[in-house]
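Dear colleague,

Please find below the structure I would like to hand over to you. My notes on it follow.

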Amino acid sequence: MTPNRSSLAKMAPLSALDTPDPENAICFGPFALYVQQHLLFKHGEPVQLGSRALLLLIALATRAGELLEKNELLALVWPKVIVEECNLRAQVVTLRRALGDDGDFAYIVTVPGRGYRFVAPVTIQEMPQQVIAPPAVQACAELPPLNSQVIGRNALLQSLGEQLQQRRFVTITGPGGMGKTTVALALANSLTEHFPQGMAFLDLAPVSGALLVNGMLASALGINSASTDPLQDIGSSFEQHRQLLILDNCEHVLEETANAVETLLRLAPQCCVLITSREPLHADGEFVHDLAPLQVPPDDAGLTAYEALAYSGIQLFVERVAAHDPDFVFNDADVAATAAICRKLDGNALAIEIAAARVRTFGIAYLVELLDGSFRLQMTGRRTAQPRHRTLSAALDWTYAMLSADEQAMLRQLSVFTGAFTLGAVMAVIDLSQGEAHDPAALLESLMDKSLLIAGSAIPVKRYRLLETTRLYAAEKLAQHLEAPDTARRHATYTLSEQRRAVQSLDSMGNDAWLALYAAEIDCVRSALNWAYSLDGDQALGVELTLMSVPLWLRLSRVGECHDWVNRGLQIAAHFASVMPRQRMLLLTVSASVMVLTYGAGQKIRDAWKLVIEDARTLGDTEHELRGLWGLWNDRCCSNQHQEALELANRYVQLSESSGSADRLLLGRRMRAAPLFHMADLDGARQAISEALSSPLSPRSHIIDTHFDQRIGARSLKAQIQLLQGHVGQALLTIDGNVEEAMRALHPASLWYTLSLSAIPATLLVGHVQKTRHFLKLLQDSVARNDLHIWRLFTRCFEHILLIRDGAPEEGVPRLGEVLNQLHELGDSPIYSLVRSEYAQGLAMLGLSQLGVEVLDETLLITAARHEHWFRPELLRVKAQLLLGQGNPQLLPQVQKILNEAMHEADTQGASFWTARISADMARLTPYELTLNVRSCN
């Protein structure tokens, strides 16, 4: 039976100094309030009262007669949540209405400007031995309405539905705003037919402790009990009762909820429980699903609007923007910015919805920039949303307030990591000296459980990261606690030590393994450099870190950004005495090397290399003198000044011999081979390249010094030699192997080199256009991700050449001419002759044969002046073709003379590839000559 006034046990008045036993009832007027069970009765009948109002009544009645300040009541009723005072006034009105506090008998009085006092006489009723009969199953409350369509979760809902029916106990975890409640409600709606006794939904967010959980769960299940453990009163009527209980927002009452759920599932074997929480309950039988973010396209995906809508994050954003602005139309121009917004917000559903509401005011493009700062934390959502979901900051306030002091300190300091980090990084950077000195590993695990950290795979080492919104929130807390400077210094110091370790392991690790271990450190390097070069940073540390991180930047082919940091270091070197002369030389070396990779050649690059050589000689540094010689040699090769390049290569070899560096000696022989080839000494080039490839180069000498894998570079030149000496099949096999190795090595610069200076030119010459297209696609895809001028120009050259060959000279020739001019401004390139030949043939296709001949004549003069002979037989052969194509019999003697000259040049070189082509043209010339004679007689 339910409690009533006639069945009450011994009662005693309650003074202001008494603390009532939570197992007893607080009685006033016709009411009995059972604190532990979270129940209120009036004349023995239960009173329906909202959870906030009931918490308010408990706070007031347990301290009857006391004045409770407004701030204290806000903290008691909305624990760890920031709300406005109007919420408290609204709950007081609700409570007064439920109590019938109409003036005839006042229970609660207002103390203006301060708070409220419970003034009714209060007595204590001791808990009876038996206060209820066996429970009767009552109808459960309806599920809250699902106000919006669930996007991108169909497969998940099906999977979770199967798990829930099989396992009976499923917990959906994830960060705040990820959509846990929405998924739970959608799942419940899809399973209504499987639970004939209905479903109950209970939001535990208002619950402040263990005393209330059991009572609220019992009430949700329709159990009216005032016993100390109402869930034990489920009884036999629930044995076959198939019902679904959904408990939302359990993260702050984990232990209490876990105990209650275990009891429920044990006593009600047909019931199922669905939990949402920011961390698992760790209860018996729990199946945990960590809710993934909404899908977002990768950077530079190049999608159309239609394609982008296949991603759930984009779809949600577009739908919410349209809800705020009915005139909004999502088009292709919006895709990149929309994807950037969704990526910045980590695919978080709440964050995406809140951001979408700002589009009408700021537009999509500008919103991308706004999200980089604290603006994202303060963006407001729906007015009807729960207070902790109205801003992203409020959502994080809820979680942050539940952390221990050490957990809060760790979260704040982790914000210094702008990317992924390891446990070792945490141990080195996080300082918990002010807290209880918990084990950082245990704290890290706790933050992961609370969905504040995301863990990656453990290959080759386990890494973690903060979601970007969480990181920005934690960074604000770090600044508020005045911990940012010290944390940033520890982070920068740790990052420098890691980069030193990375450089030391260059020789002992393969490229793939090295990148797998260190590539993820690039975000740490970037943020550490930002701090070091700031006004409050450490410039000397920044210069050292810049130098140590060069291998990482270059192996990742982040050439442009590397150059920016090096220039920052050079600016520091020019103004601070703390930067040593050796550091200046090292920075200059990197700067010149990066300019080589970006522009190929030029006066600014030569000047930098000359300074490196001067500094190296002053410091007695043979290693960097060799690097400077290599740089000048590369500049001369790119500018087609092959006689000077050969002289520099010989100096390099002599210095290498005197220094005893076997690696440098091998590289010197490869350096000699390149100008020998372009000067048409094919036998000398073949011998030099064979010597260079006779033994493997160490890792230290093939990428960091020269950007390109020198083995691939040497074999690229070997393929060109094989081709000209007539070994076409061998050359193509060598090229295929080079391309495959460059792709396998995950080193784009080596791929660009072998594609642009070997693979594509060779396949164009032999007429394998399909293969050319394949190689060009590889080059386009790789170069598109890097802003490197010279390689983009090469890519455009080949694109336009294929346009001409495809029969579109009117489009391809002007474009190719424009690129030729740009290459000339950079000092030309090793493919100068080939591109000029294609350009001349394109002019002839436009009916401008004579202009094409003039281009070839100019090219022949220029190449002769700089001893660039390797392509001269082909230039002469093409010139003969263009003259012959004019159909003038008087030009036949000139054509024959040019072909004879081409044949003599090719024979002298030993270039069988050219002699075969020229012989074929000569064979075709005789019948063509006869045809012209017949026409002239007619």
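The paragraphs below cover a pocket and two residues.

This is a predicted model, in which local features need pLDDT of at least 70 and side-chain atom pairs count only at pLDDT 80 or more, while totals for chains, interfaces and linings use all residues. Residues are numbered from 1 along each chain as its sequence is written, and side-chain values use heavy atoms, with hydrogens and water left out.

The second largest pocket (an open set of points on a 1 Å grid over the protein atoms alone, where a 1.4 Å probe fits, with protein on both sides within 12 Å along at least five of seven lines) has a volume of about 990 Å³. Its lining comprises 34 residues, and Asp299, Ile522, Asp523, Arg526 and Arg558 are the closest to the centre; a lining residue has an atom within 4 Å of a point. Helices H10 (335–344), H19 (468–480) and H22 (522–532) each supply at least two lining residues; a helix here is a DSSP run of H or I, at least four residues.

Arginine 669 belongs to helix H30 (residues 662–678). Because its relative accessibility is 26%, arginine 669 counts as partly exposed (between 20% and 50%, with a 1.4 Å probe and protein chains only). Beyond its neighbours within four places in sequence, arginine 669 is in contact with Val653, Ala688, Glu691 and Ala692 (heavy atoms within 4.5 Å).

Histidine 800 lies in helix H36 (residues 789–805) and, at 7% relative accessibility, counts as buried (under 20%).

Kind regards

Notes. Grid points are joined across faces, edges and corners, and a volume is the space filled by probe spheres set on the points.
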